Amino acid sequence: MRHHPWIVPTWALLGSLAVGCGASHSHVTWTESPPREDAPVVEKAREAPPPSASADPKGFVARYPNPALCEAAARRVQAESRDEGWAALKACIELTPFTQIRALLGGAWAEDLKVRPEAANLIARVVAQRGGSVPGELQYLQERKIPIFSLASAVERPDTYKGRYVLLRARVADQRSEGERPTVWLVEHTLASVESDAPVGYGETFDTTTTTNGDLGGQTQLTGPGRLGGNLSTRERGTVSTTRKHFDNVSDETGREALGRLSGADPFLEARREYVFLARFDGVRLTSGGNDDDAEAPRIPVLTIVSYHAPQSLVVY
């Protein structure tokens, strides 16, 4: 058979393709892809734990905008540590204008109020911060069986209340020294509500004048018949205004006095000022000129002052 000159044998064509393929691949270099690197893990800086109330009372209180939230936080701390919870409550009372006496006397702190030695002092501070209306606050204490009593009860039954706490609002009338222990003369006060009318808005004042003219005819024994003429004027003045009932708390004496013993001279306890006093009742003693055999002889209660607090002007009921 005759072959055309342009026909190439199949095996030759395949061989050329093979050589061509080999030549084309001789320029390709196969390399492994670089390993994938994970993004670096950035660890967050751990936040410092909040300050404990026992280590940093001011730092603990500063975290809360008002006393109520501070007391709620103290209850949460109490669930983990009773001592830390009490330290937190103490910080809330001493470093904020704490007036939540119902929260203080609630069930969460009932056990602490019975066993903590500073509990009575904290209660007295809260009473003063609420305005110092002692008789009303003592009702709350009696309802919760808190052993703090009134001066009136102690004077009536001195043997029963001797050695117990009493709470009173009193003015310092005088200070003296008996040996090494200064003594203050206390005059008990109480708050009373006084009603008054306060003007509201604008007032109006008016004047009214009335004049009457006329003659009067008649006869008298001296002048005989005749007529009397003249005029009569009347004037009226008045004021119209709108008022509103206003109530003020006024401190007034109860008639009871007491001698308060201090552990040492205290320059911050000023004369002629009122304070809320927490004291121990030591009994009564005869005043000068009294006779021990005379049951009717005047006696005055004697107190050992534990703490005192200036009452705030706002009274919270």
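Is helix H7 mostly covered or mostly uncovered, and how many of its eleven residues are buried?

## Helix H7

In this predicted model, H7 is mostly covered, with nine of its eleven residues buried. The buried positions in H7 are Ala119, Ala120, Leu122, Ile123, Ala124, Val126, Val127, Ala128 and Gln129. The helix runs over residues 119-129, and Gly131, which follows H7, has a positive phi near 120°.

## Nonpolar cores

The largest nonpolar core has 38 residues, and those with the most contacts inside it are Phe60, Leu104, Leu105, Leu113, Ile123, Ile148 and Leu167. Two or more residues of this core come from each of helix H2 (57-61), H3, H4, helix H5 (101-104), H7, helix H8 (134-143), strand S2 (165-178) and strand S5 (274-286). Among these contributors, H7 gives the most, with eight residues. In soluble globular proteins, nonpolar side chains tend to be buried together.

Leu105 illustrates how such contacts are distributed: when residues up to four places away in sequence are not counted, Leu105 touches Leu113, Ile123, Tyr140, Leu141, Arg144 and Ile146. A second core, separate from the largest one, comprises 19 residues and includes Val166, Leu168, Tyr275 and Ala279.

## The disulfide

The model contains one disulfide, formed by Cys70 and Cys92, whose sulfur atoms are 1.9 Å apart. Cys70 lies in helix H3 (residues 67-80) and Cys92 in helix H4 (residues 82-95), so the pair ties together parts that are 22 residues apart in sequence. The torsion about the S-S bond of Cys70 and Cys92 is about -80°, and the disulfide is therefore left-handed. Both Cys70 and Cys92 are buried, and the helices that carry the two cysteines, H3 and H4, are among the elements that give two or more residues to the largest nonpolar core.

## The largest pocket

The largest pocket has a volume of about 240 Å³ and is lined by 15 residues, of which Leu113, Lys114, Ala120, Pro147 and Tyr165 lie nearest its centre. Helix H6 (110-115) and helix H7 (119-129) are the elements that give two or more residues to this lining, and the largest share, three residues, comes from H7. By residue class, the lining divides into nine nonpolar, one polar and five charged residues.

Some of these residues also appear elsewhere in the picture. Leu113, which lies among the residues nearest the pocket centre, is also one of the residues with the most contacts inside the largest core, and Leu113 is touched by Leu105. Ala120, likewise among the residues nearest the centre of the pocket, is one of the buried residues of H7.

Conventions. Residues are numbered from 1 along each chain as its sequence is written. This is a predicted model: local features need pLDDT of at least 70, side-chain atom pairs count only at pLDDT 80 or more; totals for chains, interfaces and linings use all residues. Side-chain values use heavy atoms; hydrogens and water are left out. On a 1 Å grid over the protein atoms alone, a cavity is a set of points where a 1.4 Å probe fits but cannot get out, and a pocket is an open set with protein on both sides within 12 Å along at least five of seven lines; lining residues have an atom within 4 Å of a point. Grid points are joined across faces, edges and corners, and a volume is the space filled by probe spheres set on the points. Helices (H or I, at least four residues) and strands (E, at least two) are DSSP runs, numbered from the N terminus. Ala, Val, Leu, Ile, Met, Phe, Trp, Tyr, Cys and Pro count as nonpolar, Asp, Glu, Lys and Arg as charged, and the others, Gly among them, as polar. A disulfide is a pair of cysteine sulfur atoms within 2.5 Å. Buried means under 20% relative accessible area, exposed over 50%, partly exposed in between (1.4 Å probe, protein chains only). A nonpolar core is a set of buried Ala, Val, Leu, Ile, Met, Phe, Trp, Tyr and Cys residues joined through side-chain atoms within 4.5 Å. Contact means heavy atoms within 4.5 Å.
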